[in-house]
Amino acid sequence: MNRVISFINDAPPADVHTGGAPAVPGVARDEALLDAYSRAVIHVVGSVGPAVVNIAVGGRERGGTRPGAGSGVMITPDGYILTNSHVVHGAVALGVSFTDGTSFPARRVGTDPATDLALIRADVGVRQTDN
């Protein structure tokens with residue numbers, strides 16, 4: 001999670017693997033462009049990936065609860081996460097998990113079904129534990 005906050009605060013990501021060798025002179029232009037594109041994508045994934053979260057959703061259903069899941073992107077260091085409205089629609093419980101394995105409870109802040117966007121907030125001060 002510290003890497004997420006570093007990313008959000010515009011600190012350079014640690015250990016970003018750029019993959020592949022630099023373009024070799026004389027290689028076809030298409031291959032050089034694809035290699036440059038691949039390096040760019042790998043860099044973006046290495047930079048943004050830690051901010052992507054898994055969202056566990058507990059919803060109501062006749063006779064019990066209906067589990068669901070989705071994803072979102074942490075946009076502020078204090079736990080605000082952008083996701084889709086359909087992911088959190090009808091949720092009675094939310095939890096988020098980061099790529100480093102940390103999990104936190106979350107709550108819905110607002111939704112806009114017309115644009116299918118929602119804002120939730122992870123309670124980054126309260127770590128979830130498996131019971």
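Start by selecting Asp116, which you'll find in the loop between strand 5 and strand 6. What you have open is a predicted model. Show the backbone angles here: phi of Asp116 is near 60°, a positive value in a residue other than glycine. Most residues other than glycine have a negative phi. As for its surroundings, Asp116 is partly exposed, with a relative accessible area of 24%.

**The hairpins**

Now widen the selection to the strands on either side of Asp116. Strand 5 (103-112) and strand 6 (117-122) form a hairpin with four residues between them. They pair in the antiparallel sense, over six bridges. If you want a bridge to look at, pick Asp112, whose partner in strand 6 is Leu117.

Then step back to strand 4 (91-97). This strand pairs with strand 5, also antiparallel, over four bridges. Select Val96 and you'll see Phe104 of strand 5 standing opposite. Strands 4 and 5 make a hairpin too, with five residues between them. Click on Gly101 in that turn: its phi is positive, at about 95°.

**Zoom out for a moment**

Switch to cartoon view and colour by secondary structure. The protein chain has three helices and six strands, and reading along the sequence gives α-α-β-β-β-α-β-β-β. Of its 131 residues, 25% count as buried. If you like contact maps, take the contacts with a separation of 6 or more: residues 24 or more positions apart account for 52% of them. Turn on a surface and you're looking at about 8300 Å² of accessible area, with 56% belonging to carbon and sulfur atoms.

**Strand 3 and Ile81**

Next, select residues 80-83, which make up strand 3. Show the side chains and follow how they alternate. Ile81 and Thr83 point to one face and are buried, while Tyr80 and Leu82 point to the other and are not. Strand 3 pairs with strand 6 in the antiparallel sense over four bridges, and Ile81 stands opposite Ile120 there.

Keep Ile81 selected and expand to its contacts. Leaving aside neighbours within four places in sequence, Ile81 touches Val53, Gly72, Val73, Met74, Ile75, Val96, Ala118, Leu119, Ile120 and Ala122.

Which residues touch the most other members of the largest nonpolar core? Of the 16 residues in that core, the answer is Ile55, Ile81, Leu94, Val96 and Ile120. Colour the core by element of secondary structure and you'll find at least two residues each from strand 1 (52-61), helix 3 (85-88), strand 4, strand 5 and strand 6.

**Gly72**

From the contacts of Ile81, hop to Gly72. This glycine lies in strand 2 and, at 6% relative accessibility, counts as buried. Beyond its neighbours within four places in sequence, Gly72 is in contact with Ala51, Val52, Val53, Ile55, Ile81, Leu82 and Thr83. Try a distance label from Gly72 to Asn84: the two are 12 residues apart along the chain, and their C-alpha atoms are separated by 7.5 Å.

**A nonpolar patch outside**

Go back to the surface view and select Val52, Val73, Ile75, Leu82 and Leu117. Together they make a nonpolar surface patch of about 350 Å². Within this patch, Ile75 lies in the loop between strand 2 (64-74) and strand 3, and is partly exposed, with a relative accessible area of 42%.

**Two salt bridges to finish**

How many salt bridges does the structure hold? There are two.

For one, select Asp78 and Arg121, with their closest N and O atoms 3.3 Å apart. Asp78 lies in the loop between strand 2 and strand 3 and Arg121 in strand 6, so this pair ties together parts that are 43 residues apart in sequence. Both ends are partly exposed: Asp78 at 36% relative accessibility, Arg121 with a relative accessible area of 25%.

For the other, move to helix 2 (residues 29-48) and pick Asp35 and Arg39. Their side chains meet in a salt bridge at 2.4 Å, N to O. Why do these two sit about one helical turn apart? Because they are four residues apart in helix 2. Check Arg39 on the surface as your last stop: it is partly exposed, with a relative accessible area of 26%.

How values were computed. Residues are numbered from 1 along each chain as its sequence is written. This is a predicted model: local features need pLDDT of at least 70, side-chain atom pairs count only at pLDDT 80 or more; totals for chains, interfaces and linings use all residues. Side-chain values use heavy atoms; hydrogens and water are left out. A nonpolar core is a set of buried Ala, Val, Leu, Ile, Met, Phe, Trp, Tyr and Cys residues joined through side-chain atoms within 4.5 Å. Buried means under 20% relative accessible area, exposed over 50%, partly exposed in between (1.4 Å probe, protein chains only). Contact means heavy atoms within 4.5 Å. Two strands pair if DSSP finds at least two bridges between them. Patches are made of residues with over 30% relative accessible area and no salt bridge: like charges are joined within 9 Å, nonpolar side chains (Val, Leu, Ile, Met, Phe, Trp, Tyr) within 5 Å. Accessible areas come from the Shrake-Rupley method with a 1.4 Å probe; for residues, only the protein chains shown count as cover. A salt bridge is a side-chain nitrogen of Lys or Arg within 4 Å of a carboxyl oxygen of Asp or Glu.
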